[in-house]
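Colleague: I am new to this structure, so please choose one part, go through it closely, and then show me what else can be said with the same care.

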Amino acid sequence: QRQMCIRDRSNTNLTSKNVLQTDLSSKSLGSVNLDKYVIKGGCRLTGEVNISGAKNAAVAILPAVILSDSPCRIENIPDISDVKTLTYILKEMGARVEYLDLHTVEIDPRPIMTDTVSAEIARRIRASYYFIGALLGRCRNAVVPLPGGCNFGVRPIDQHLKGFVALGCDYSLDNGMISVSAQNDLHGANIYLDVVTVGATMNIMLAAVKARGLTVIENAAREPHIVDLANFLNTMGADIRGAGTDTIKIHGVQRLRGVTYSIIPDQIEAGTYMVAAAATGGDVVVKNVTPKHLESISAKLVEMGVTIEEGDDTVRVLCERPLRKCNVKTMPHPGFPTDMQPQITTLLSVAKGTSMVNESVWENNRFKYVDELRRMGAQITVDGKVAIVEGADRLKGAPVRALDLRAGAAMVIAGLVAEGTTQVEDVQYIERGYENIVEKLVELGADIYRMEEPERTLDKIG
Ligand code: EPZ
């Protein structure tokens, strides 16, 4: 079987995605390639995989560039469609955007003359809401479409708005656009977040960085990408302390200057390959990672019987014995990340025994993908925020859909484990956040390729 997998690598079209992803035209963003991934399961993943820059850091750092009074160079930027969307928005606003190579972009925000982000592209991506904070910091006014993003339930922004109001802004909603503005300069404030939210923590940071006086965010989120955004802003001349703890203090400064900055590795992409390695009984060195960011994921894999060896910037995942059940509860960082929940649930679906997975970050159902897994033979029942996973001997290949980014990654992992062939549809969701996933898996020995389908417009799938 291993030989068959290697032979099939040569049939894989390695170029089509690169073409799609480096095309910055509105046409490329307005329509999507409805390729499927076709996966023949049963190949053991072995070798090394390089992790790209963190999506959820990049999508905040790109809007943050408009706070600078000179050009910024951002390195280790992931080559994913969410990043392409944001660079397109920046261009549309008037910024000069130039890719020096696939992972380095130079952005000059000085020509931007607008306080408005047009609805056309921006509403498709959740992270466009970071333009509210960044525009407020830049010019005290922001008109931005209400955010879209992965559809796993209601995703409110009340905590963002509460923060902007505390900083001296008013807001109104008209025709799907949210307008936030301050009559006078933004001023520092004490802001206690009612829920631990990544988006509100970063957005308030962006708005407060040039406000007059001291802003204190309490009950702040502590994710690695929050620290990365703070580091980026501090390198530009900001005065932010405490990022990575639940109290962040921001002394407003008058100006921020352009810098060169390299984005941290993607915690969730790394975790996804770790789980894929474990699921296939593999031996994979996951490279260019920060092992500390992966501790909650590593701990669960060890509990399941997987061997983890940490290096300075690598994690080796070795799985030689049957996987054991374990219970998982998603929590804000440093807890187990919600963005790894579908992947670990998939792994537990082939572990020995009954496991419980508790989704505590998202109020609404982030278990919709379980129906797709059941089509492959997984034995999972969902009761509200809890999934009860009875380990099955095997999964069987089936046509399934990627319902969102991480649910899609879970379907790929299921396909790698399953007997027979799995077709994963709607892979445009996966390509929002995983750079070259097909190519990286092929390098590790997976039998996976992208089957091309005719395009249709993005509007129809929201
Ligand atoms: C970010 O979303 C990530 N997205 C998500 O990752 C991730 O799932 C989430 O953080 C949690 O880690 C980006 O960074 C672009 P939140 P965000 O605000 O900021 C509630 C992925 O797969 N809440 O931390 O939108 C909310 O309903 C994506 O990469 C409020 O009640 O999430 C949720 O229950 C998908 N009011 C909880 O807080 C608010 O004003 C956490 O949400 C804001 C949030």
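Modeller: Strands β8 and β9 form a hairpin with 2 residues between them, and in the turn Asn-175 has a positive phi of about 55°. The model is predicted, so that local features need pLDDT of at least 70 and side-chain atom pairs count only at pLDDT 80 or more, whereas totals for chains, interfaces and linings use all residues. Residues are numbered from 1 along each chain as its sequence is written, and side-chain values use heavy atoms, with hydrogens and water left out.

Strand β8 covers residues 170-174 and runs antiparallel to β9, to which 5 bridges join it; within this pairing, Tyr-171 stands opposite Val-180 of β9. Strands here are DSSP runs of E with at least two residues, helices are runs of H or I with at least four, and both are numbered from the N terminus; two strands pair if DSSP finds at least two bridges between them. Strand β9 (residues 177-181) also pairs in the antiparallel sense with β7 (residues 141-145), over 5 bridges, and there Met-177 of β9 is the bridge partner of Pro-145.

Beyond the hairpin, there is the ligand, which 25 residues surround (near means a heavy atom within 4 Å), the closest being Gln-159, Val-198, Asp-339, Val-361 and Arg-406. Helices α4 (55-64), α8 (158-166), α9 (198-208) and α15 (405-417) each supply at least two residues of this shell. Polar contacts, meaning pairs of N or O atoms within 3.5 Å, where within protein one atom must be able to donate a hydrogen and the other to accept it, and residues adjacent in sequence count only if both atoms are side-chain atoms, include three to mention here. A polar side-chain atom of Tyr-129 lies 2.8 Å from an oxygen atom of the ligand, and one of Asn-56 lies 3.2 Å from a ligand oxygen. On the side of Asp-158, an N or O atom of the side chain is 2.8 Å from a nitrogen atom of the ligand.

Of the helices around the ligand, α9 is mostly covered, with 10 of its 11 residues buried, where buried means under 20% relative accessible area, exposed over 50%, and partly exposed in between, with a 1.4 Å probe and protein chains only. Among the buried residues are Gly-199, Met-202 and Leu-206. The N-terminal end of α9 is capped by Thr-197, a side-chain oxygen of which lies 3.4 Å from the backbone nitrogen of Gly-199.
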